[in-house]
Amino acid sequence: MKVYGDLLSGNCYKVKLLLHMLDIPHEWIHIDVTKAETHSDEFKAINPNAKIPALVLDQGEVLCESNAILNYLADGTDYLPSKKMQRAQVLQWQFFEQYSHEPYVAVARYIKLYLGLPHDRMEEFESKKIGAAKALKVMEQHLLDHRFFVAEMFTIADISLYAYTHVAQDGDIDLKAYPAITAWMQRIEAKLKHKTMLDFIKLQKKQENNKKRLEQNLTAEHSDTKVAKMTDISSRSMHNYSLKDLAGYTLNLSDYENQIVLIVNVASECGLTPQYRGLQNLYKRFASQGFAVIGVPCNQFGAQEPGSELEIKRFCDLHYKTTFPMTSKIEVNGDDQHPLYEYLCGTEAKFPGDITWNFEKFLIGKNGQVIKRFGPKIEPESDEVIQAIESLL
Ligand SMILES: N[C@@H](CCC(=O)N[C@@H](CS)C(=O)NCC(=O)O)C(=O)O
């Protein structure tokens, strides 16, 4: 069978978790919601409602709606009780999830994690958090007297509710106020075959990297950027490159044409990590004049960026409330150096030489050419950096 989905979506994660727990072989086809891939004619031929997840059986039959998929897959297994009333109770909680929980918890998370909490969605965000609190209270009350939602056993009702609850903090929803929910999540997480959303995402990234490495070995060149084939450095520009962002979506640097950009390799566990504060201040101060900071997490300096992309995002949200764009983790030096860094500091670069440590900065002009390079210890809000930015705006 095939599943069309995105692991960062709780609705899709539910399906992935059950497939994993039941050891059902399947092909997972990544659909990028942020690129409107659900609205392509090809995908709408599968689900005219233009939503993931969608399950396609080998015979071509299609099933949509995450909870319907769970019911189909769990039929005849321990994850769906056989008694009439208990099956109806599973549905009761799944309808609750779709009507009273997901529209609040998932949407608050979407506004925060995907959209970066824009000012014009703030009011909606706050109202979603109120709705989320109501749903969580209902769950909390039930779990004060029950180990699981139905029949005191782990069923697909638990999977449905766990999916967005275990990542609620991505939407700034604190579960500390719900001890019974926290204990229930721990019971689920203790299950032998349990995996969090983050676990699946890490696994997927690892598989993608292995595949990429294999392709790179075969073609002996980097494949994720068109510039790799160019030899003349003077004809290159930062705008030729593309990377992935922290959520795994493509970040085309051509989107920054006509902007001034400060590219900084970052890390969460470095003595210089508080520079995030200065970087965010710079971003806030000059963004309206056409300036952006792009953070590039890298684990090559003292292994001070060990976490996954989601962990890095959470760290930045929690400690520095950063809103500037960040790429996925890359290598900035060495054999696996990303081509962007070959452009920034390779032998033919304007300021050649390996990156020395976390928080080295490159100031890029409106045409995508490197203007200045600042060492890690130069504070983002130092006169030097501010004057250089102002001279370009
Ligand atoms: N009730 C549906 C909701 C599915 C849903 O909202 N999917 C989102 C991702 S979580 C989606 O496909 N959004 C794309 C869009 O609306 O354009 C389910 O449970 O499967």
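## Where α1 meets α6

The crossing between helices α1 and α6 is right-handed. Keep in mind as you look around that this is a predicted model. Helix α1 covers residues 10-21 and helix α6 covers residues 156-165; the two pack at an angle of about 135 degrees. Their axes are 8 Å apart. That angle makes α1 oblique to α6, because oblique is the word for angles that are not roughly parallel, roughly antiparallel or roughly perpendicular.

If you would like to display this contact, pick Gly10, Asn11, Tyr13, Lys14, Leu17 and Leu18 on the α1 side. Their partners on α6 are Ile156, Ile159, Ser160, Ala163 and Tyr164.

## Where α5 meets α7

A second helix pair is formed by α5 (residues 122-145) and α7 (residues 179-189), whose axes are 8 Å apart. Here the packing angle is about 70 degrees, and α5 and α7 are therefore roughly perpendicular to each other. From α5, the contact takes in Leu136, Met139, Glu140, Leu143 and Leu144; from α7, Ala180, Ile181 and Trp184 take part.

## Helix α10 and its buried face

Next, have a look at α10, a helix of 12 residues running from 309 to 320. From its first C-alpha to its last α10 reaches 16 Å, close to the 16 Å expected at 1.5 Å a residue. Which residues of α10 are buried? They are Glu309, Leu310, Ile312, Lys313 and Cys316. Viewed down the axis of α10, these buried residues fall within an arc of 160 degrees, so they line one face of the helix. As a general reminder, an α-helix has 3.6 residues a turn, so residues three or four places apart point the same way.

Just after α10 comes Lys321, which takes a positive phi of about 45 degrees.

## Backbone details in the loops

Two alanines have a backbone feature to check. Ala36 sits in the loop between β2 (27-30) and α2, and its phi is near 55 degrees, a positive value in a residue other than glycine. Ala36 is exposed, since 10 other C-beta atoms lie within 10 Å, and a residue counts as exposed at 12 or fewer.

Ala50 belongs to the loop between α2 and β3. Its phi is also positive, near 55 degrees. Ala50 has 15 other C-beta atoms within 10 Å and is partly exposed. The loop between α2 (41-44) and β3 (54-56) also holds Pro53. What kind of peptide bond joins Ile52 and Pro53? The bond is cis, with omega about 5 degrees.

Key:
Residues are numbered from 1 along each chain as its sequence is written. This is a predicted model: local features need pLDDT of at least 70, side-chain atom pairs count only at pLDDT 80 or more; totals for chains, interfaces and linings use all residues. Helices (H or I, at least four residues) and strands (E, at least two) are DSSP runs, numbered from the N terminus. The expected span of a helix is 1.5 Å times one less than its number of residues. A residue is buried if 20 or more other C-beta atoms lie within 10 Å of its own, exposed if 12 or fewer, and partly exposed in between; C-beta atoms are placed from the backbone. The arc is that of the directions from the helix axis to the C-beta atoms. Axes are lines fitted to C-alpha atoms, for helices over the stretch in contact, and angles run from 0 to 180 degrees between N-to-C directions. Angles under 35 degrees count as roughly parallel, over 145 as roughly antiparallel, 65 to 115 as roughly perpendicular and the rest as oblique. A crossing is left-handed if the near helix is turned anticlockwise from the far one by less than a right angle, and right-handed if clockwise. Two residues are in contact if their C-beta atoms, placed from the backbone, lie within 7 Å.
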